[in-house]
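Let us take a walk through a protein structure together, one step at a time. Keep the picture open beside the text as you read.

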Amino acid sequence: MKAKQVTRRQFLKTSAMAATALTVGPYVKTSHSAGKLAVGLWDHWMPGANDVSRKVVMDWGKKNGVEISLDYITSVGFKQLTTIAAEARAKTGHDVLDLPTVETAKYPEVLEPMDDVVEALQSEYGGMMPDAEYLGKIDGVWRSCPGAVGSHTYPMVSRLDLWKKHAGIDLKKMFPAGPNRDPALVKTWTYDAFLKGCEKLHAAGHPFGNPLSAVSDAQDWTGPLFAAFGSYPMDKKGNITFDSDGTRLALEFMKKLTALMPKDVFAWDDASNNRYIISGRGSAIQNPPSAWRVCVRDQKETASQLWHHDTPSGPNGHFRGSLARMMGAWNFGKNKTAAKDLIHYLLKKEQQDKLIAAGQGFDIPLIRAFNTHPVWNDATPPDGTLYNYPIQGDEFQMMCGYPAPIGMAAQIYSDGLLPNTVAKVSEEGKSIDEAIKWAVGELEGYSRG
C-alpha cells in the first residue's frame, strides 16, 4: 500500500505543538537559585516512597535557601494530565513538574529547554535509555529530562513452577539472577516457543493473561509484540506503514494466542492482569513488580514462584514495553535556575539511589548507569526475582506507537489502536485484511485531524 505522509503542519496540529524553540546558555548554578519553588511530583504507588522524595527535596531547599512548596499529584482520574494542561494554558502553577509519557510533546512552547541539564547528566553518567530522547527531545531541543521517579517497564512475570511442570521450560535457568546467561538458551525464548508453552499451560488450566482493551497495560505489551514481528503503525516521518507483512504475521500470531487466553481479556482493565496472577490461576502476565509486591503481602506461596524476565523475541528483534516519566520546568516560571538545579540534583546518583530504594524496585531509571541498584538483586521471594526487571539482554525499550512522530504515537497509544485491531480479528471475526484496512483508516483520521 502506498505510504501516507503526515505533514509537519498536521503533526503539530495533532499534538497541539507550536514551533518555538528557545535556546539558553550553559546551565550554571547561581545565587538566583534562592527564593521560592513550587514542585509537583507524581503521587507514587509504593508506600513510603513519597516520604523519601519529600525529604530529598526539602533537604535540597534548606541547603540552597529555597522555600519549597511540594505537591504529590495522583495519576488516578487523569488528575496529573488535567493539572499540566491547566497550568500550560494559564501560564502559572508549579515551577517543576512531573510529565507522564507524551506530555512533553504537547507543550514544548511553554517548557524550558533542558539541553544543558541533559548534557551535564550525560557527561556525568553516560547514556540514557532510548525512550528518554524519544519523549523528551522535541525538534532537536530537550524540553524535559528523565523523571526522578516512576518510570517502569513491562517484563514477563511468570510462574516458575507452572512453566517447568506443564511446558518443560526452566525460566530461572534461562534468565538467571546473575550475569552468566547462556546465550544459546536465551535465543530459544521466541514467540513461537512462548505460544507452544501457552498451549500446554492453557490445557493445564493456567492460561497466560494480559488486557486487550484500550487501557495502558494493553498498549505496553502489544506495541513491543507487533514490533517484534516487524509491524509499526507509522514510521518516524509519519508515513503509515501498518499495511505490511509484519502486521499480518503479528495478527496471525495474536489470533492463535488469544484463543489460549481468558475469554474476557478484551474487557480487562489495568488491574485485571494483576488480580489474575495473584489469584494463582494465571501462568504469566506482563507487568512491573506491583503485582508481585501485592503477592508478597497477601499470597506468599504464589509470590515465591513469580519470576520477572525477558519478553520473547520475534523475527524482527526483541522489544520490551516502557511507560516512562519525564520532568520539566515551565518557561514562564519565576525561578528557572532553581528549577533546573533541583532537577539536576534529583537525577544525581546519591539521590537516585535513595529514590530507587524507596520505590522498592518499581522504578526503572532512564539513565542507564542507575540500573544496577542492589534493590533488584536483593528482592525476595524468590531470591533474585527482580534481577531481570532492568533490561539485562538485548530488548529494545519502547512505548507503543514508536517510531511515529510523538504526537501521532500519543494517539496510537491513547486510542488503543493495536489491541482494537487484534479484537477485530480475534473477537469480531473480521479477516486480517479487513482489520488492517480498518486500522489504516484510523491512522488516516489521525493525519487529517
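Before we look at the sheets, one rule helps: two strands pair if DSSP finds at least two bridges between them. Please also keep in mind that this is a predicted model.

With that rule in hand, begin with an open sheet of 3 strands, whose order is β7-β11-β13 and whose pairing is mixed. Which strands stand at the edges? They are β7, covering 152–154, and β13, covering 396–398. Each has a single partner strand, so one side of each is left without a neighbour in the sheet. On average, neighbouring strands of this sheet are turned by 35° against each other, with direction ignored. Now look at strand β11, residues 319–323, which runs parallel to β13 and is joined to it by 3 bridges. Along this pairing you can find R320, which stands opposite Q397 in β13.

A helix belongs in this picture too. Helix α11, made of residues 216–228, packs on the sheet and touches β7, β11 and β13. The direction of α11 makes about 150° with that of β11.

From here, follow α11 to another helix. The axes of α11 and helix α12 (residues 245–258) come within 9 Å and cross at roughly 130°. That angle makes α11 oblique to α12. Which residues meet where these helices come together? On the α11 side they are W221, L225 and F226, and on the α12 side they are T247, A250, L251, F253, M254 and L257.

Two of those names, W221 and F253, turn up again in an aromatic cluster. Together with W163, F175, W189, Y191, F194, F208 and F229, they form one such cluster. A pair of aromatic rings is described by the distance of the centres and the angle of the planes. How many aromatic pairs does the structure hold? There are 21. One of them joins W189 and F194, with 5.9 Å from centre to centre and 80° between the planes. This pair counts as edge-to-face because its angle is over 60 degrees. Are these two residues buried or exposed? W189 is buried, with a relative accessible area of 1%, and F194 is buried as well, at 2%. Both count as buried because the term means under 20% relative accessible area.

Aromatic rings can also meet a charge. The charged end of K424 sits over the ring of W438, at 4.7 Å from its centre.

Let us turn to a second sheet. This open sheet of 3 strands has the order β9-β8-β10, and its pairing is antiparallel. The edges are β9 (284–286) and β10 (306–309), and each of them has a single partner strand, so one side of each is left without a neighbour in the sheet. From one strand to the next, the twist averages 20°. Strand β8, residues 156–159, pairs with β9 over 3 bridges in the antiparallel sense, and 4 bridges join β8 to β10, again antiparallel. One residue to find here is S158: its bridge partner in β9 is A284, and its bridge partner in β10 is W307.

In a regular strand the side chains alternate between the two faces of the sheet. You can look for this in β10, where L306 and H308 point one way and W307 and H309 the other way. All of these residues are buried.

Next, visit two helices with buried residues. In helix α19 (residues 406–414), 7 of the 9 residues are buried, so this helix is largely enclosed by the rest of the structure. Its buried residues are I406, G407, M408, A409, A410, I412 and Y413. After α19 comes G416, whose phi is positive, near 65°. In helix α15 (residues 300–303) you will find A303, which counts as buried at 0% relative accessibility. Leaving aside neighbours within four places in sequence, A303 is in contact with W292, C295, V296, P381 and P382.

For a last stop, find S69 in strand β2, residues 66–73. S69 is partly exposed, with a relative accessible area of 39%. Not counting residues up to four places away in sequence, S69 touches L37, A38 and V39. S69 and V57 lie 12 residues apart in sequence, and their C-alpha atoms are 9.8 Å apart in space.

Note on methods
Residues numbered from 1 in each chain as written. Predicted model: local features only at pLDDT ≥ 70, side-chain atom pairs only at ≥ 80, totals over all residues. Heavy atoms only, no water. Phe/Tyr/Trp six-rings, centres within 6.5 Å; stacked < 30°, edge-to-face > 60°. Buried < 20%, exposed > 50% of the residue type's maximum accessible area, 1.4 Å probe, protein only. Lys NZ or Arg CZ within 6 Å of the ring centre and 35° of its normal. Helix = DSSP H or I, 4+ residues; strand = E, 2+ residues; numbered from the N terminus. Axes fitted to C-alpha atoms, helices over the stretch in contact; angles between N-to-C directions. Contact = heavy atoms within 4.5 Å. Parallel < 35°, antiparallel > 145°, perpendicular 65-115°, else oblique.
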